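Here's a quick tour of one model, from a spot on its surface to its interior. Have a look at the fold before reading on.

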Amino acid sequence: MKKHITDEKNGIDYTLVNGVYLPNLISTETNYEIGHWGQRHLDYIMKHHKVLYTSLKTSCKLNSYLHEVDIRADEMYNRLVKQLAEKQGVTEQLKADNQMLWVQKMTNIANQAREIVYNEVIYAR
């Protein structure tokens, strides 16, 4: 048996593996690194939106989709932290004057921003 064959009808190349011809499939999937937000969204769609997950996976769009979610969530988080800090008067001057108070306020702001991003981007579908 030949190691490689090409189906004349559909033009797909096949390789002989353990006595069976398997198609030579090339993934068009990109290879972006997926950060914290994208990983959280992946967990969510795998558990709660299996059809979406399967569709993205089989169409080789999962990595690109998660990359976009990751970027959108990260930008939203950074923007929210900045806006909330300004709104609540958390400044560099406060950091210089009272570091503990500044840390407490920034931790609270980070938690608020994180919850908003989770609700509007990560767990939204």
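Val20 is partly exposed, at 44% relative accessible area (buried is under 20%, exposed over 50%, partly exposed in between, with a 1.4 Å probe and protein chains only). Val20 sits in strand β3, residues 20-23 (strands are DSSP E runs of at least two residues, helices H or I runs of at least four, numbered from the N terminus). Together with Val17 and Leu22, Val20 makes a nonpolar surface patch of about 220 Å² accessible area.

A note on the source: this is a predicted model, where local features need pLDDT of at least 70 and side-chain atom pairs count only at pLDDT 80 or more, while totals for chains, interfaces and linings use all residues. Residues are numbered from 1 along each chain as its sequence is written, and side-chain values use heavy atoms, leaving out hydrogens and water.

Now inside. The largest nonpolar core (buried Ala, Val, Leu, Ile, Met, Phe, Trp, Tyr and Cys joined through side-chain atoms within 4.5 Å) has 28 residues, and Trp37 and Tyr77 are among those with the most contacts inside it. Helices α1, α2, α3 and α5 each supply at least two of its residues, and α3 gives the largest share, 11 residues.

His41, in helix α1, counts as buried at 1% relative accessibility. Here are the contacts (heavy atoms within 4.5 Å) of two residues, leaving aside neighbours within four places in sequence:

| Residue | In contact with |
|---|---|
| Trp37 | Asp70, Ala73, Asp74, Tyr77, Arg114, Val117, Tyr118, Ile122 |
| His41 | Tyr65, Leu66, Val69, Val121, Ile122, Ala124 |

Notes. Patch = residues over 30% accessible without salt bridge, like charges linked within 9 Å, V, L, I, M, F, W, Y side chains within 5 Å. Areas by Shrake-Rupley, 256 points an atom, 1.4 Å probe, with all protein chains shown as cover. Salt bridge = Lys/Arg side-chain N within 4 Å of Asp/Glu carboxyl O.
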